[in-house]
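Me: I would like to go through this model with you, starting with how its parts meet. Could you set out the terms as we go?

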Protein chains: 2
Amino acid sequence: MYPVKSYAVASAQHPLAPFSFSRRDLWPRDVLIDIRFCGICHSDIHQVRNEWGNSLYPMVPGHEIVGIVAEVGKQVKSFKPGDKVGVGCLVDSCRECPDCKDGLEQFCVHPVFTYNSYEKDGKTLAQGGYSNRVVVNEDFVLRLPPALPMDAVAPLLCAGITTYSPLRHWKAGPGKKVGIMGLGGLGHMAVKIASAMGAEVSVISRSRNKEADAKRLGAKHYYATGEAGTFEKLAKTFDLIICTVSVDLDWNQYLGLLKRDGTMVILGVPPKAPAVSAASLIFGRRSLAGSLIGGIRETQEMLDFCGKHGIVSDIELIPIQKAQESYERVVKGDVKFRFVIDMASLK
Amino acid sequence: MYPVKSYAVASAQHPLAPFSFSRRDLWPRDVLIDIRFCGICHSDIHQVRNEWGNSLYPMVPGHEIVGIVAEVGKQVKSFKPGDKVGVGCLVDSCRECPDCKDGLEQFCVHPVFTYNSYEKDGKTLAQGGYSNRVVVNEDFVLRLPPALPMDAVAPLLCAGITTYSPLRHWKAGPGKKVGIMGLGGLGHMAVKIASAMGAEVSVISRSRNKEADAKRLGAKHYYATGEAGTFEKLAKTFDLIICTVSVDLDWNQYLGLLKRDGTMVILGVPPKAPAVSAASLIFGRRSLAGSLIGGIRETQEMLDFCGKHGIVSDIELIPIQKAQESYERVVKGDVKFRFVIDMASLK
């Protein structure tokens, strides 16, 4: 067993606090990773606070993990000590269902999430990346692009793949007009990735506050829905809209911005299920779809793509002692655009 | 001008009653059609009663028109007197927009519908098929499969194309499991067409009442949602669901019946916009889409397909004097599966 230092919450009412536990000894195909950085995802906060109602405690959050391979199990072929690697939202799956066989493990009916999930034994709690080391089966370990700064790569493991996957699946690229709703952790990655894919990217936000950032990140256009006439002006404009905001909005207004055969992809769950008018879909043969992170193969493809295009997240690096207070800033949207924990601070 | 006999309504409060008017003289590319049969579509009733709030009176309903070419304009190349032809929901469009250029005239921003619509001059009311003759530009005239009975072909012009188009667009065919919600005018055509395309077809209805009909029409399976456990049993079953019912339903329950990457296509507008949970879409990367009749090229393709596979509508033939009372039976779902008016009754 490997002793581990971490920050965990003991319940939904507890703050993040130092927590010690052990990781399993290496099975033949396991990789031991010394964690260097871990991103803070809004879903960490939802789960720490049991806002999805399925939380398991004690909980070490964190699924945007990057680090260096320290040891490998006897049968590990893909990694060796010293390799720069990452771990995202999944650390195992059933390996046998159609989704696993298609490389879309995120849809497996028995996935093992990186934390707030039971390991395959059904009783050991998986614990996440706000910690100094992690043991993961090599099939769920990703290779990092060597030239990119590791701290800013960390958010690619969730925010990056969550936006890359639908952009690729719905064929963002040259000649396609892509609208990105919201410019937070997910939105800013979507802008960078869609632009690198060659699409003509617009950011759709409530106010003009984020216009300069949007343009700097690669957006060609910026539209503020708080301004009168925006929805009318943009009617039938986009081939693809990626909705990264999970507040209550009238989706029908945004569906009206799609061209014929356009698709609006939802990435987050708003508090209240929105009413969808059939007419919004029928006139223009439009689609409303959802997307969930991405598979392991696709996550590697995304990392390679980001390596090739020099794409990382815009981050604010913090010591782990500031993780708790950073949560309040995430909830307020007061971060450009992702907090990343420097694990060197975990003494 | 050609004198025309018809049945029309004078307002939303009036019943169908005999009405005389004139059709225009033939322009060079016009076709004069002696109407033999016209189907009764539920949308006739919505429009006669102004249930969509956009009705123009006097209104001669009817957009499932079949007949024989009587005369043609000087430049008409595709048709000659004696040809068996049909006219559906559209009699013209702008011809210049991207939708028209792609052969998807139903999405044109300036379509001319067969009735309850202004002609291109912006002032002449288009009048539909509950009449003995109609004048239509040849580009909007369809060629009927010669071997099929004309009366039972009539409903293909709306119910047929409205179901064929999404089945083709979302690739119903061998190896695909297709669920058809509802077994009325649209549903019974969807079952026949999807079966002929080679898909494995299931009918999803509230009760067992329509099971024998569904099987006879080509469905392999029949499921009654009124029976406990149906939604659980069918979870993740279908590649494609075609929703032909426009009553208030919980769409999320049906989205749960889709496999990963499955699509549910809505054809009708329910009274109240249903609440759609993002989770229904995100888990399984599912899509909710809409579809509207079909383009002219595709309508001809559908007719040729039906000719090849011997597909017609199951109809109840009525004299035009019974059209008004047939409306009550349509609203109650008391018809197997489409009323068709025999225009020989229009003296």
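Reply: Contact here means heavy atoms within 4.5 Å. This is a predicted model, in which local features need pLDDT of at least 70, side-chain atom pairs count only at pLDDT 80 or more, and totals for chains, interfaces and linings use all residues. Residues are numbered from 1 along each chain as its sequence is written, chains are lettered from A and ligands numbered from 1 in the order in which they are written, and side-chain values use heavy atoms, with hydrogens and water left out.

Me: How many residues of chain A are in contact with chain B?

Reply: On the side of chain A there are 37 residues, in contact with 37 residues of chain B. The two chains bury about 2,800 Å² between them, and carbon and sulfur atoms give 63% of that area. Buried area is the accessible area (1.4 Å probe) that two parts lose on being put together, summed over both.

Me: Which residues of chain A lose the most area there?

Reply: They are A:Arg260, A:Ile282 and A:Arg285, which together account for 25% of what the chain A side buries.

Me: What about charged pairs between the chains?

Reply: There are 4 salt bridges between chain A and chain B. A salt bridge is a side-chain nitrogen of Lys or Arg within 4 Å of a carboxyl oxygen of Asp or Glu. A:Arg260 forms a salt bridge with B:Asp99, with the closest N and O atoms 2.5 Å apart.

Me: Which elements of chain A give two or more residues to that side?

Reply: Helix H2 (98-101), H4, strand E14 (258-266), H9 and E15 of chain A do so. Helices (H or I, at least four residues) and strands (E, at least two) are DSSP runs, numbered from the N terminus.

Me: How are the two copies related?

Reply: Chain A is superposed on chain B by a rotation of 180° with 0.0 Å of shift along its axis, at an RMSD of 0.0 Å. The copies are thus related as by a two-fold rotation axis. In chain A, the C-alpha nearest that axis belongs to A:Ala275, 2.0 Å from it. The superposition is by least squares on the C-alpha atoms of residues with pLDDT of at least 70 in both copies.

Me: Why do you say that they meet through the same surface?

Reply: Of the interface residues of chain A, 100% are also interface residues in chain B, so the copies meet through the same surface.

Me: Now to a single chain. Where do the domains of chain A run?

Reply: Domain 1 covers 2-158 + 313-345, and domain 2 covers 160-290. These bounds come from an automatic or database domain assignment. Taken over C-alpha atoms, the centres of the two domains of chain A are separated by 28 Å.

Me: And what lies between them?

Reply: In chain A, 9 residues of domain 1 are in contact with 12 residues of domain 2. The two domains bury about 890 Å² between them, 49% of it on carbon and sulfur atoms. A:Cys158, A:Asp314 and A:Phe337 supply 56% of the area that domain 1 buries against domain 2, more than any other three residues. The interface between these domains of chain A has 3 salt bridges.

Me: A:Phe337 caught my eye. What is the peptide bond before it like?

Reply: The bond joining A:Lys336 and A:Phe337 is cis, with omega about -10°. A:Phe337 is in the loop between helix H11 (323-332) and strand E17 (338-342) of chain A. The side chain of A:Lys336 also meets that of A:Asp213 in a salt bridge (2.8 Å, N to O).

Me: Where else is there a cis bond?

Reply: The peptide bond from A:Tyr57 to A:Pro58 is cis, with omega near -5°. A:Pro58 lies in the loop between helix H1 (42-48) and strand E4 (65-72) of chain A.

Me: Back to A:Arg285. Is that residue buried or exposed?

Reply: A:Arg285 is buried, with a relative accessible area of 5%. Buried means under 20% relative accessible area, exposed over 50%, and partly exposed in between (1.4 Å probe, protein chains only). A:Arg285 is not a glycine, yet its phi is positive, near 45°. The residue is found in the loop between helix H9 (278-282) and strand E15 (287-290) of chain A.

Me: And A:Lys171, buried or exposed?

Reply: A:Lys171 is exposed, at a relative accessible area of 59%. Its phi is positive as well, about 65°, although A:Lys171 is not a glycine.
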